[in-house]
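Please load the complex in a viewer and keep the selection panel at hand. The stops below give, in turn, what to select and what is to be found there.

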Amino acid sequence: MAFGLTDETFAVAAARWLRNDCPAHNHWYQLGSMVFMYTNWNICTIIGLAAGRILEGIGGWGLDFAMVAAFIGMAVPYVKNRPTCWAVAVAGGSALAFHGLPHKLGLMIASLAGIGAGVIAEGLERQVTGDG
Amino acid sequence: MQTFLMIAGMALVTFALRYLLLPLSGRIGFSARMQRALGFVPPVVLTAIVVPAVMLPDGRHVQLTVANPYLAGALITALIAKFSNNLLVTIVGGMAAFAAWQYVTNSFKC
């Protein structure tokens with residue numbers, strides 16, 4: 001089950017876990033999600049391989065935007081309060097600034113910076129509401 | 001053969017990391033502060049992946065122009081995501097916006 005844990009399955013399963021008070025069946029839900037997504041993933045990979053051979057210039061269609069769209073769709077519901085806005089802003093800015101680093105170090109730095117910014121922003125907010 | 005070994009290696013690493021860490025996760029108690037910090041991880045990491053992909057579509061040059069379909073598509077997708085509770089609608093709408101933007105900007109070239 002650990003192997004099958006992709007971003008999308010996590011999003012689906014986590015929503016179910018949070019919502020549900022009957023935990024006995026939750027892991028079956030996750031397993032189901034995983035099996036379907038993994039199968040679909042492989043089927044789509046095969047289709048992609050075939051389409052890539054047959055259709056010319058499909059690389060220029062920008063289909064990789066689907067990943068961006070999916071990630072944005074998953075991330076936006078998390079951004080509900082001010083500290084998260086800061087975290088996301090700092091993460092985006094750092095990712096841009098450090099994108100040139102090898103081995104995707106920029107991504108790691110941006111993630112840590114974003115989390116740090118969020119924690120700091122939250123701490124500041126608590127101070128303000130604590131006094132006021 | 002080398003490709004196969006690479007894939008097998010990646011599968012092994014993925015599995016090993018998760019198989020070894022998951023049992024630990026039940027026993028490690030996180031402090032409240034740590035839990036709050038971890039709560040930031042999903043939006044932060046997703047953003048860190050998306051922003052360079054959108055701003056540097058070809059990997060090298062920052063394209064902060066109106067003509068960048070990735071940028072326009074991303075902004076429209078974020079808007080749709082904010083007002084729609086449905087992930088599928090968001091993705092489809094975002095892709096449609098991206099495709100439309102790409103079509104329009106390509107029509108104006110040369």
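Begin by selecting helix 5 of chain B in this predicted model. The helix has 21 residues, which at 1.5 Å a residue should span 30 Å, and its end C-alpha atoms are indeed 30 Å apart. Within helix 5 of chain B, colour the buried residues: B:Thr90, B:Ile91, B:Gly93, B:Gly94, B:Ala97, B:Phe98, B:Trp101 and B:Gln102. Against what do the buried residues of helix 5 of chain B pack? Display helix 3 of chain A together with helix 4 of chain B, for these are their partners.

Keep B:Trp101 highlighted and add B:Val66. The two are 35 residues apart in sequence, yet their C-alpha atoms are 9.6 Å apart in space. B:Val66 belongs to the loop between helix 3 and helix 4 of chain B. Is B:Val66 buried or exposed? A count of 10 other C-beta atoms within 10 Å makes B:Val66 exposed.

Next, select B:Thr65, which is placed in the loop between helix 3 and helix 4 of chain B. B:Thr65 counts as exposed because it has 9 C-beta neighbours inside 10 Å. Draw a C-alpha to C-alpha distance from B:Thr65 to B:Gly39: the viewer should show 33 Å, for a separation of 26 residues in sequence.

Now select B:Val50 and show its surroundings. Apart from neighbours within four places in sequence, B:Val50 is in contact with A:Val68, A:Phe71, A:Ile72 and B:Ala74. B:Val50 also appears among the residues with the most contacts inside the largest nonpolar core, with A:Val68, A:Phe71, A:Ile72, A:Ala87 and A:Ala91. That core has 39 residues. At least two residues of the core come from each of helix 3 (65–75), helix 4 (82–97) and helix 5 (105–131) of chain A, and likewise from each of helix 3 (41–55), helix 4 (69–83) and helix 5 (87–107) of chain B. Domain 1 (1–78) and domain 2 (80–132) of chain A each contribute at least three residues to the core.

From the core, turn to the contact between the chains, and select the 33 residues of chain A and 39 residues of chain B that take part. On the side of chain A that touches chain B, helix 3, helix 4 and helix 5 of chain A each supply at least two residues. Which helix of chain A gives the most to this side? Helix 3 of chain A does, with 10 residues. Coloured by class, the side of chain A that touches chain B shows 24 nonpolar, eight polar and one charged residues.

Then isolate chain A. It has five helices and zero strands, and 27% of its 132 residues count as buried. Among its contacts between residues at least 6 apart in sequence, 48% join residues at least 24 apart. Select helix 2 (residues 26–54) of chain A: its 29 residues reach 42 Å from first C-alpha to last, close to the 42 Å expected. The buried residues of this helix are A:Gln30, A:Ser33 and A:Met34.

Finally, colour by confidence. Chain B averages a pLDDT of 83, and 94% of the residues score at least 70. In chain B, confidence is lowest in helix 1 (residues 2–25), at a mean of 82, and highest in helix 3, at 90. For the complex, the predictor gives an ipTM of 0.77 and a pTM of 0.73.

Note on methods
Residues are numbered from 1 along each chain as its sequence is written. Chains are lettered from A and ligands numbered from 1 in the order in which they are written. This is a predicted model: local features need pLDDT of at least 70, side-chain atom pairs count only at pLDDT 80 or more; totals for chains, interfaces and linings use all residues. A nonpolar core is a set of buried Ala, Val, Leu, Ile, Met, Phe, Trp, Tyr and Cys residues joined through C-beta atoms within 7 Å. A residue is buried if 20 or more other C-beta atoms lie within 10 Å of its own, exposed if 12 or fewer, and partly exposed in between; C-beta atoms are placed from the backbone. Helices (H or I, at least four residues) and strands (E, at least two) are DSSP runs, numbered from the N terminus. Domain bounds come from an automatic or database domain assignment. Two residues are in contact if their C-beta atoms, placed from the backbone, lie within 7 Å. Ala, Val, Leu, Ile, Met, Phe, Trp, Tyr, Cys and Pro count as nonpolar, Asp, Glu, Lys and Arg as charged, and the others, Gly among them, as polar. The expected span of a helix is 1.5 Å times one less than its number of residues. pLDDT is the predictor's confidence in each residue, from 0 to 100.
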